[in-house]
Amino acid sequence: MNMRLAILLVSLTLTLSAQLAEGPGMKEAEKNCKSCHEIERSISLRQDLSGWNNTIAKMVGFGMRSAESDLAIVAEYLAKNYPADALTPLNVNTATAVELESRLSMKRSQAAAFLAHREKVGKIKTFADLNKAPGIDPEKVEAKKTQIIF
């Protein structure tokens, strides 16, 4: 019976390892991500380095523990092997809270404040108006200006 269990565990480990792209950071990513959820869930996000760093920061906030150097390796590994797909522009007048959180790196409370503001004042027409809205970080808007439409 113990031999069957050992074979099962080895095959599951090999299957899990096969799901990640080989390369520097693979072991660190596997170790950090699989302790809370499936690897498929982790890599399905497809983000740029900034997005992966934000996701890792959220996971640390949820209790993930790892050396800072390992977290940097994981972020670089994920950005290289699971990069962001080409994104359609974000329309700030129709974006949902989740879209605002992920695309503009907003906290949930910031997205909610922005949505309440948008509901109250109507459509945002310019970057100047957008930057004045609650929950908006003008530096993040500037960095993603080419990905935002009205």
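Contact here means heavy atoms within 4.5 Å, and that is the sense to keep in mind for each of the views below, all taken from a predicted model.

**Figure 1. The C-terminal residue, phenylalanine 150, and its surroundings.** Let us start at phenylalanine 150, which sits in the segment after β2 (148-149). Which residues does phenylalanine 150 touch, once those up to four places away in sequence are set aside? They are Asn91, Val92, Asn93, Ile124, Lys125, Thr126, Phe127 and Leu130. One of these partners, asparagine 93, lies 57 residues away along the chain, yet the two C-alpha atoms are separated by 6.1 Å. Even with these contacts, phenylalanine 150 counts as partly exposed, at 32% relative accessibility.

**Figure 2. The whole chain, for orientation.** Before the next close-ups, here is the overall layout. The protein has 9 helices and 2 strands, and along the sequence they follow the pattern α-α-α-α-α-β-α-α-α-α-β. Of its 150 residues, 31% count as buried. The exposed surface comes to about 9,900 Å², with carbon and sulfur atoms supplying 59% of it. If you take contacts between residues at least 6 apart in sequence, 52% of them join residues at least 24 apart.

**Figure 3. Helix α4 packed on helix α5.** How are these two helices arranged? Helix α4 (residues 49-61) and helix α5 (residues 68-81) pack at an angle of about 135 degrees, and their axes are 9 Å apart. An angle over 145 degrees would count as roughly antiparallel; α4 and α5 are therefore oblique to each other. The crossing of α4 past α5 is right-handed. On the α4 side, the contact is made by Leu49, Trp52, Asn53, Ile56 and Val60. From α5 come Leu71, Val74, Ala75, Glu76, Leu78 and Ala79.

**Figure 4. Two further residues of helix α5, aspartate 70 and isoleucine 73.** Stay with α5 for a moment, and look at aspartate 70 and isoleucine 73, which both belong to this helix. Is aspartate 70 buried or exposed? At 18% relative accessibility, aspartate 70 counts as buried, because the cut-off for buried is under 20%. Isoleucine 73, with a relative accessible area of 32%, is partly exposed. Leaving aside neighbours within four places in sequence, aspartate 70 is in contact with Glu28 and Lys31. Isoleucine 73, counted in the same way, touches Gly25 and Glu28. Glu28 thus appears in the contacts of aspartate 70 and in those of isoleucine 73. Glycine 25 is 48 residues from isoleucine 73 along the chain, but their C-alpha atoms are separated by 5.4 Å.

**Figure 5. An unusual backbone angle at serine 105.** Most residues other than glycine have a negative phi. Serine 105 is not a glycine, yet its phi is positive, at about 55 degrees. You will find serine 105 in the loop between α6 (97-103) and α7. With a relative accessibility of 17%, serine 105 counts as buried.

**Figure 6. Where to trust the model, and where to take care.** The mean pLDDT of the protein is 87, and 88% of its residues reach 70 or more. Where is confidence lowest, and where is it highest? The lowest mean, 45, belongs to helix α1 (residues 2-18), and the highest, 97, to helix α7 (residues 108-121). Over residues 5-18 the pLDDT is below 50, and this stretch has 5 contacts in the model beyond near neighbours in sequence.

Conventions
Residues are numbered from 1 along each chain as its sequence is written. This is a predicted model: local features need pLDDT of at least 70, side-chain atom pairs count only at pLDDT 80 or more; totals for chains, interfaces and linings use all residues. Side-chain values use heavy atoms; hydrogens and water are left out. Helices (H or I, at least four residues) and strands (E, at least two) are DSSP runs, numbered from the N terminus. Buried means under 20% relative accessible area, exposed over 50%, partly exposed in between (1.4 Å probe, protein chains only). Accessible areas come from the Shrake-Rupley method with a 1.4 Å probe; for residues, only the protein chains shown count as cover. pLDDT is the predictor's confidence in each residue, from 0 to 100. Axes are lines fitted to C-alpha atoms, for helices over the stretch in contact, and angles run from 0 to 180 degrees between N-to-C directions. Angles under 35 degrees count as roughly parallel, over 145 as roughly antiparallel, 65 to 115 as roughly perpendicular and the rest as oblique. A crossing is left-handed if the near helix is turned anticlockwise from the far one by less than a right angle, and right-handed if clockwise.
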